[in-house]
Amino acid sequence: MGVDLSERVVLSNGFREGARYPAMFVNVTNRCTLSCAHCFVYRDDNPNEPAPARREIPDDELLEIIEGLRDRHGVQVMLWMGGEPLLRRRLVERGVRLFPHNTVVTNGTVPLVDLGADVLYVVSLDGPPGPNDAVRGAGTFDRVMRTLARLPTGFSSPVQVQCTVTRANQDHLGELVELLRDTPVGWVTFSFYVPPAADASGLGWATLEDRMVAVETVRELKQHHPGFVRNRGRALDLMAPGRAPVVTAACPAKATVLPLYLDGERLVTPFCCYGNDVDCSRCGAWVVFELAAGRDAGAPLG
Ligand code: SF4
Ligand code: SF4
């Protein structure tokens, strides 16, 4: 291998070169087609320097780094993230061949390409048009629906929608589910907003008790749309105020997922997937509670 991992990848915040991580996510670009109000990638405290002189790490080089990390850490599950990862479509098309399990997390404004039945697309939508566009930008909901409508017959990659639940959209989750039922979307999951330490966005809940209104809404939707709303019941149970702090204090995502942000020409690890400035005590990330529920059921990731 020509690339020196020690020069191109800097692990800190408790992530270690000698450790095994079943899953890894890499921001393959810091470019994005949107500018979402609740975006954690572009928060000031995070590593997200644009490439010097607009030069991103070339595909061959970045894929070599990713392959080296796969081998060094025993990675089985790869999440292709950004920015908008499909702005580097050719890299993603080649990269998914390197891992047995792949997820491409996209904002749905760029055409999806068929990556095969084994590659999952996770498309972000945060409610029906009004609430979604309030955080993701005017016209975004319709743009995503057009992307979905244009998928050709026989498109084989499964498509999941993930919705970030906030205090602002919690009363509109059912409308989103209804709008997605007659689309190529296979299922929906709900992730609950992860606030920064001093959150002035107005999107978060004052207390974990207050958040339970939204958690119970998701539980009801799951009952009305079995198989389509796929948050595990056990994961929702773990979000109760008496249980969630136990889960987040020993975050299973931090132990399982190696998060790599693109900082200029290097990949670096922030505190966790959600960056450096996070309030773990109020974290409602889908991945955290799903992993905890899976661990309880004896089925950890990877
Ligand atoms: S689409 Fe994703 S990466 Fe882009 S601004 Fe929105 S949340 Fe951030
Ligand atoms: S913010 Fe959430 S995902 Fe990040 S370390 Fe804390 S509990 Fe884990």
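Cysteine and tyrosine are counted here among the nonpolar residues, together with Ala, Val, Leu, Ile, Met, Phe, Trp and Pro, whereas Asp, Glu, Lys and Arg count as charged and the others, Gly among them, as polar.

**View 1. The shell around ligand 2 in the predicted model.** By these classes, the residues around ligand 2 divide into 11 nonpolar, 1 polar and 1 charged. The shell holds 13 residues, and the closest of them are Cys251, Cys272, Val278, Cys280 and Cys283.

**View 2. The shell around ligand 1.** Ligand 1 is surrounded by Cys32, Leu34, Ser35, Cys36, Cys39, Val41, Tyr42, Gly82, Gly83, Glu84 and Asn107. By class, this shell around ligand 1 comprises 6 nonpolar, 4 polar and 1 charged residues.

**View 3. Helix H2, residues 59-73, and its surroundings.** With 15 residues at 1.5 Å a residue, H2 should span 21 Å, and the C-alpha atoms at its ends are indeed 21 Å apart, so the expected span and the modelled one agree. The buried residues of this helix are Leu62, Ile65, Ile66, Leu69 and His73. Because these buried residues fall within an arc of 95° when H2 is seen down its axis, they line one face of the helix. Asp60 and Asp71, on the other side of H2, are exposed. The partners against which the buried residues of H2 pack are helices H1 (5-8) and H3 (89-95), together with strands S1 (9-10), S2 (23-27), S8 (257-263) and S9 (266-268). Just after the helix, Gly74 adopts a positive phi of about 70°.

**View 4. The open sheet of 9 strands.** The strands are arranged in the order S1-S9-S8-S2-S3-S4-S5-S6-S7, and their pairing is mixed. S1 and S7 (187-192) stand at the edges with a single partner strand each, and therefore one side of each is left without a neighbour in the sheet. In general, the strands of a sheet pair through backbone hydrogen bonds, in either a parallel or an antiparallel sense.

**View 5. Strand S8 and its two neighbours, S2 and S9.** S8 is mostly covered, with 6 of its 7 residues buried. S2 runs parallel to S8, to which it is joined by 4 bridges, and in this pair Phe25 is placed opposite Pro259 of S8. The pairing of S8 with S9 is instead antiparallel and extends over 3 bridges, with Leu262 standing opposite Leu267 in S9. The hairpin formed by S8 and S9 has 2 residues between the strands, and Gly264 takes a positive phi near 65° there.

**View 6. The edge formed by S1 and its partner S9.** These strands, S1 and S9, run parallel and are joined by 2 bridges. Val9 stands opposite Leu267 in S9, and Leu267 is also the residue that Leu262 faces in the pairing of S8 with S9.

**View 7. The parallel pairs made by S5 with S4 and with S6.** S4 (residues 101-106) and S5 (residues 119-124) pair in the parallel sense through 5 bridges, and Thr106 stands opposite Val123 in S5. S5 also pairs with S6 (residues 159-165), again in the parallel sense, over 4 bridges. Within this second pair, Tyr121 has Val159 in S6 as its bridge partner.

Terms used: Residues numbered from 1 in each chain as written. Chains lettered and ligands numbered in written order. Predicted model: local features only at pLDDT ≥ 70, side-chain atom pairs only at ≥ 80, totals over all residues. Expected span 1.5 Å × (residues − 1). Buried ≥ 20, exposed ≤ 12 C-beta atoms within 10 Å, placed from the backbone. Arc of directions from axis to C-beta. Contact = placed C-beta atoms within 7 Å. Near = placed C-beta within 6 Å. Pairing = 2+ DSSP bridges.
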